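Here's a quick briefing to read with the model open in your viewer. Have a look at the structure first, then go through the notes topic by topic.

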Amino acid sequence: MIRCLDILFSLLGLALGWPLLLLIYLLGVLDTGSPLFRQIRVGRHQRAFVLVKFRTMAVDTESVASHLASSAAITPIGRFLRRSKLDELPQLWNVLKGDMSLVGPRPNLFNQHELIAERESRGVYDVRPGITGLAQINHIDMSTPRLLAETDAKMIRSLDLAAYFRLLLQTVLGGGRGDRVAS
């Protein structure tokens, strides 16, 4: 049922949101010349997939977890996109393709070995990663691998339709602040 809702909502989001997506894309062209950011992430069953977001950092920024990146690399438009979470909109494509769900553990990088071990031991990779989840609503990011993995596992155990809608609603209403960035 959740997969059907993911497909429906991502299709609706892409179909109704295309003017906003186009505007952000064009602003990104002016901002960095390369508005889309693609990165290999760890998906369900630890399979690699290409996550797509709107670029919020300079093009030459090192590909590391957000909490390890320098805040100086964030562009002025990128700052707005991050605060508003609009940088996440292209991930609706990842949801539609089946790489992700709207609700699930945020996908990590393959070089985050401690987080991978923590998540693997708790069965977090048995589900699709998500755009939002319990950890994001509670301001828990990838800088605390054990706490993140524990929170992800707790969410997975209790994820039903009511929790799915509650987490989506909390995200839309501004819950969570995204991954912090180094100063």
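Let's start with Phe 110, which sits in the loop between β3 and α4. Keep in mind that this is a predicted model. After Phe 110 come the salt bridges, a helix pair, a cavity and a pocket.

**Phe 110 and its neighbours**

- Phe 110 has a relative accessible area of 36%, so it counts as partly exposed.
- Leaving aside residues up to four places away in sequence, Phe 110 touches Ile 40, Arg 41, Val 42, Gln 46, Arg 47, Ala 48 and Ile 116.
- Take Arg 41 from that set: it lies 69 residues from Phe 110 in sequence, yet the two C-alpha atoms are 6.4 Å apart in space.

**Salt bridges**

- How many salt bridges does the structure hold? There are eight.
- Arg 122 pairs with Glu 118 through their side chains, at 2.5 Å from N to O.
- The two partners in that bridge fall into separate burial classes: Glu 118 has 17% relative accessibility, which is under the 20% cut-off, so it counts as buried, while Arg 122 is partly exposed at 28%.
- Arg 122 also forms a salt bridge with Glu 150, where the closest N and O atoms are 3.5 Å apart.
- This second pair ties together distant parts of the chain, with Glu 150 in helix α6 and Arg 122 in the loop between α4 (113-121) and β4 (130-132), 28 residues apart.
- Glu 150 is partly exposed too, with 33% relative accessibility.
- Lys 97 and Asp 99 make another bridge, with 3.3 Å between the closest N and O atoms, and Lys 97 is partly exposed at a relative accessible area of 46%.
- If you like networks, check Lys 53, Asp 87, Glu 88 and Arg 106, which are linked by salt bridges.

**Helix packing**

- Two packed helices are described by the angle between their axes and the distance between the axes.
- For α1 and helix α2 (residues 76-84), the angle is about 145° and the axes are 9 Å apart.
- On the α1 side the contact is made by Ile 24, Leu 27 and Asp 31, and on the α2 side by Pro 76, Ile 77, Gly 78 and Leu 81.
- Sorted by class, the residues of this contact are five nonpolar, one polar and one charged.

**The cavity**

- The count comes to one cavity of 30 Å³ or more.
- The largest cavity has a volume of about 40 Å³.
- Its lining is made up of Val 42, Gly 43, Pro 105, Arg 106, Pro 107, Arg 119, Val 124, Tyr 125, Val 127 and Pro 129.
- Two names here have come up before: Val 42 is among the residues that Phe 110 touches, and Arg 106 belongs to the salt-bridge network.
- By class, this lining has seven nonpolar residues, one polar and two charged.

**The second largest pocket**

- The second largest pocket holds about 180 Å³ of space.
- It is lined by 13 residues, and those closest to its centre are Ile 2, Ser 101, Val 103, Val 127 and Arg 128.
- Which elements supply at least two residues each to this lining? They are α1 (2-31), β3 (101-103) and α6 (145-158).
- The biggest share comes from α1, with three residues.
- The class split for this lining is seven nonpolar, two polar and four charged.
- Val 127 turns up in this pocket and also lines the largest cavity.

Conventions. Residues are numbered from 1 along each chain as its sequence is written. This is a predicted model: local features need pLDDT of at least 70, side-chain atom pairs count only at pLDDT 80 or more; totals for chains, interfaces and linings use all residues. Side-chain values use heavy atoms; hydrogens and water are left out. On a 1 Å grid over the protein atoms alone, a cavity is a set of points where a 1.4 Å probe fits but cannot get out, and a pocket is an open set with protein on both sides within 12 Å along at least five of seven lines; lining residues have an atom within 4 Å of a point. Grid points are joined across faces, edges and corners, and a volume is the space filled by probe spheres set on the points. Helices (H or I, at least four residues) and strands (E, at least two) are DSSP runs, numbered from the N terminus. Ala, Val, Leu, Ile, Met, Phe, Trp, Tyr, Cys and Pro count as nonpolar, Asp, Glu, Lys and Arg as charged, and the others, Gly among them, as polar. Axes are lines fitted to C-alpha atoms, for helices over the stretch in contact, and angles run from 0 to 180 degrees between N-to-C directions. Contact means heavy atoms within 4.5 Å. A salt bridge is a side-chain nitrogen of Lys or Arg within 4 Å of a carboxyl oxygen of Asp or Glu. Buried means under 20% relative accessible area, exposed over 50%, partly exposed in between (1.4 Å probe, protein chains only).
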